[in-house]
Amino acid sequence: MIQNYLKTAWRNIVRHKGYSLITIAGFALGLACCLMIMLYILDEMSYDRFYPNAGRTVRIDVDASWADNTASMATTSAPLAALIRREIPEVEAVTRFRYYGAPVLRHGEKCFSEERFFFADPTFFDVFSVPFIQGDPRHALAQPNAVAISLSMARKYFGSAEALGKVLTADNRQDYIVSGVFADLPPQTHFHYDFIAPFGNRRDTQVDSYATNNNFSTYLRLRPDITITRFAAKLDRLVQTFAHPELEKLFGNSWAKLAQGGAYFRWLPRRLTDIHLRSHRDFEIETNSDIRYVYVFSLIAFAIFVLACVNFINLTTARATTRAREVGIRKSIGSSRGELVRQFFSEILLLVFLAVLIAVVLAQLLSPYLDLSAEKGVPTAVLANRSLLPLLGGLLLLSSLLAGAYPAFLLSSFKPAAVLKGDPVMSKKSTLRGLLVVLQFSVSIIMIIGTLVVSRQLRFMQDRDLGFGKEQVLVIRKANDLGKGVRAFKQELLARPDVVSVSSASHLMGDPEFGDELYKNPDAPAAQLMKLQRLFCDENFARVFQLRLAGGRFFDKSRPADRKGIVINEAAARALGMSDPAGKQLISMGGERIPVLGVVKDFHFQSLRQRILPMAINYWGEDAFGPLLAVRIATPDMRQALAGIRRIWERHSRGQSFDFQFFDDRFARVYAAESRLSGQLLAFSILAIVIACLGLLGLSIFIVRQRTKEIGIRKVLGASMTRISWLLSGEFLKHVLLASVIACPIAYFLMKRWLGDFAFRIGLDAGPFALAVLITLGVSLATIGVQVVRAARANPVDSLRYE
Amino acid sequence: MIRLRGITKYYANAFVKTFVLRNIDLDVKEGEFLTIMGPSGAGKSTLLYILGMLDEACEGEYFFCGQAVHELNEKKRTQLHQQDIGFVFQSYHLIDELTVYENLETPLLYKKVKPDERKSLVADALDRFHIVAKKDLFPSQLSGGQQQLVAVARAVIIQPKLILADEPTGNLNSQQGEEIMELFKKLNAKGTTIIQVTHSERNASYSDRVIHLLDGWMINGEKSALPGEHRESGKRKKKYPEGT
């Protein structure tokens, strides 16, 4: 029997090629999209789960607030780890690590700058239990000059030779002996490390303050018999005993009083597996993703899936007219309704199966363009994914049920007596089908509006005057590798006619994080410590970035005293309550008096998402060397300037590679998330409207066919072609307009919320809404146009002959 | 074999009841060849569909081989129909996507006949109707006469007690029509009961008995006894929900 069904089904598919193509292609496109999104979501959810005890591994975070300052950090103070080990027996293992910058490692001829070099407690591999290929994880960090490295690093430096016992020289100063080789980490982790070296006797690890100097990442593994809530309670008690007294001393007030003023200080456990999607603190090791993206994409996947199913249902039921006769015949030769339901189900299963196959291929082809995993730098290999088969099975089942049930039951319900006599089986206007079309277009319109608003906001952020000059600035990274030689290097650069100015700096605008420092204004009535973002630079910084002064002056290398002073921005002046700060003094947390030399006008040193935070610019002095060297260039021939600068670098660098980027490229990463979102939304909106239009196309073919007789009669009665075209188009356009009425308020609400995240944002005017509706109208008119015109031009004699 | 009592069929909406069949009483004996005649819209086809259990009467009783059809549920009715009734239509109604062989096979599949038996039954039928050479062709590759031949073969293949034919020669030329009628005659001679609907006196002449329908009324033999009124009633409206 099933053979008979599938035979009929297959021949039906082949016979109505156009229809089958529209149905299957539309569905496959939707499924492909869902598939890609679901693989992306599964990937996001799988972060850090490869660690054997991931479920019991926890990071300690710090939340603190006083006065108008708040801090939420992914790092803790140095002694907390030992304290926890001592006070909480349910903790199996604790470890700390810290990043001190990227050293330049050398082994023979091979020399690279390494970003993923961390220092850690010897217990590191007890908490982060990665498999070791050489060496023993328990003793790998026992010696002070040991380093454990990843397999790919071992290959990079030592090729196929044994890595154990080999020497790596860091920054030409310090030798490390390779003590272990561990397996490479998968991309799905919030913390990638290639080198782990023991702290040894570093002084910062011995600092004995529990509440300040939160510089260390502290991770631990709990015993299975303690819940995270109970562990959190124990941490709270430690805060009261050890952190509060210290803070009372620091602020000179009792903790009860401070707490009354809204101050708090907390140590919070955070599950390892939650970090990637839910943690957005200061001093995260890497930029994490966001659970909201997972939600948004799930929603989009679901919407597209529904769209695709709706299309499928629409097209299948529209075609019921042509299948009705077959239903009649089959019933007349003895088929029961159940047989027919089974027949149509197997037919739909076949269609869905074909669609799923095509979807897999499409997903594989499209995934590089959808760019869902841009951050990871690895294109999602759809076919290689382990979750693919169960996912496909699920999709197949779910979509056959969703898309198949209604058509199967509808088709099998036809009364043979009626269909065999040629009575129309379905009314011309199906409310359900109309509703489904409206739903499809609503989704498309919402997505188009989203695309337009996001891209406008992006353009707004990119075009806005940021308060500093970002063009024609070259950034040389790792300039501190030159050591003291940086001064000569700078001077030689300045000698070039196309170099305007050169400045060393610790951070640059657009960096994800700056350090911070606490200051108070002694003249303010209730002097409180305020947190100021901190940046170190030399005297040329203002010139290189064309900062504008609001008062006072910038640093001057002829005045050695300037090294003690700072320049603040207007936001800092406001926060500290200073009306004319130039020449006044601030008091640092250590009690020192710090002269304020000048005030720069506010500039956007972070994303426009954020308001401009208070900032203190510190002076390094002329000889200082920071990791970053910014060079302002004025030349029409950038390439030549670059080549010249490279030559100078090579003369000074003793073989160190020239690591440069243009400042505006570097700054663009500030908006990487938004521009990725914009690209993805664009892709998905195109997809949504293509699916909707495929559905519309199929539907219009059938509706036009159904109304052939009516059109014939109207023409005989003297209706013009234009009039008939309008009559037919009007039917569809009504649906699009209704969809706009539904979509616009929803889109308005969603976009309002999205824009709410930006401190600096565009207004939400009617433009994108009108444009989205127009685009949808235009595209749908174009889709049905051919059908409509053909129907309107048809010779009425042909259409009426058969009546 | 068949006994109809007071069969009435109408389509109703809120305001009008449109009668198709009115109070039909009819008995058909096993082995009979009956012709139903009447002008367009007289209700002939509807009566045939009700007899074939593809349609239901609104009122009245229908006994088929002693079973009260009007009391059976859909499943039972399908079974009865599957066993005992073959249909032949004016426009053949073969399944376009299936070959001649597969078309003949389909009713056997629904009847759940075993594969071996099925094969031999289909082979027999192909043989008997001289269409062996055509078995792999699709309906669209056949002439009208050939298609109707296949349709008759399909109706006969389940060895039904009753064959219902709705204007079986309506789309055929006279020679093809005659062949089909001869075929019916032969089947009837072997004991199959046949009920046909036709306009043609010539086709009617093949049958043992003729009944006439007009505007839903049955006029036994005589055409003169015209009950007046109801000129509008024969017109079938488009689809209305059934019942009331």
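This passage walks through the predicted model of chains A and B, from overall make-up down to a handful of individual residues.

Starting with the overall numbers, chain A runs to 803 residues, and 53% of them are buried. Its secondary structure comes to 24 helices and 24 strands. Taken along the principal axes, the box filled by the C-alpha atoms of chain A is roughly 105 × 60 × 60 Å. Contacts in chain A reach far along the sequence: of those with a separation of 6 or more, 80% are between residues 24 or more positions apart. The exposed area of chain A is about 35500 Å², with carbon and sulfur atoms supplying 57% of it. As for charge, chain A carries 96 positive and 70 negative side chains, and 10 Å lies between the centres of the two sets.

Chain B has 244 residues, and here too buried residues make up 53%. It is built with seven helices and 10 strands. Among its contacts between residues at least 6 apart in sequence, 72% join residues at least 24 apart. Chain B exposes about 11500 Å², and carbon and sulfur atoms account for 48% of that area.

On to domains. The assignment for chain A gives three entries: domain 1 (1-46 + 289-426), domain 2 (57-278) and domain 3 (479-658). Domain 1 is thus written as two segments, with the range of domain 2 falling in the numbering between them. Over C-alpha atoms, the centres of domain 1 and domain 3 of chain A are 60 Å apart.

Those two domains turn up again in the packing. The largest nonpolar core holds 84 residues, and the members that touch the most others are Met509(A), Phe541(A) and Phe545(A). Helix H14 (residues 431-463) of chain A provides the largest share of this core, at 12 residues. Domain 1 and domain 3 of chain A both give residues to the core, so it lies between them. Zooming in on Met509(A), and leaving aside neighbours within four places in sequence, its contacts include Phe541(A) and Phe545(A), along with Phe468(A), Phe514(A), Phe603(A), Phe605(A), Phe663(A) and Phe667(A). Leu547(A) is also in contact with Met509(A). A second, separate core has 47 residues; among them are Leu411(A) from chain A and Tyr11(B), Val28(B) and Leu98(B) from chain B.

Two helical positions in chain A are worth a closer look. Thr776(A) sits in helix H23 (residues 767-793). With a relative accessible area of 0%, Thr776(A) falls under the 20% cut-off and therefore counts as buried. Beyond its neighbours within four places in sequence, Thr776(A) is in contact with Phe441(A), Ile445(A), Ile448(A), Ile689(A) and Val736(A). The first three of these carry numbers that fall in helix H14 (residues 431-463). From Thr776(A) to Leu733(A) the C-alpha distance is 9.8 Å, with their positions 43 residues apart in sequence.

Gly698(A) belongs to helix H20 (residues 672-706) of chain A. Gly698(A) is buried as well, at a relative accessible area of 3%. Not counting residues up to four places away, Gly698(A) touches Ile22(A) and Leu315(A). Val58(A), by contrast, is 640 residues away from Gly698(A) in sequence and 55 Å away in space, C-alpha to C-alpha.

Finally, some backbone oddities. Most residues other than glycine have a negative phi. Phe283(A) is not a glycine, yet its phi is positive at about 65°. Phe283(A) is in the loop between helix H8 (272-278) and helix H9 (291-318) of chain A. The residue is partly exposed, with a relative accessible area of 28%. Gln546(A), again not a glycine, has a positive phi of about 55°. Its loop connects helix H16 (541-544) and strand E18 (549-552) of chain A. At a relative accessible area of 40%, Gln546(A) is partly exposed. A glycine with positive phi, near 105°, also appears: Gly718(A), which follows H21(A). Within helix H21 (residues 708-716) itself, Glu710(A), Ile711(A) and Gly712(A) are buried.

Key. Residues numbered from 1 in each chain as written. Chains lettered and ligands numbered in written order. Heavy atoms only, no water. Core = buried A, V, L, I, M, F, W, Y, C linked by side-chain atoms within 4.5 Å. Buried < 20%, exposed > 50% of the residue type's maximum accessible area, 1.4 Å probe, protein only. Helix = DSSP H or I, 4+ residues; strand = E, 2+ residues; numbered from the N terminus. Domains from an automatic or database assignment. Contact = heavy atoms within 4.5 Å. Areas by Shrake-Rupley, 256 points an atom, 1.4 Å probe, with all protein chains shown as cover. Lys, Arg positive; Asp, Glu negative; His and termini not counted. Charge placed at Lys NZ, Arg CZ, Asp CG, Glu CD.
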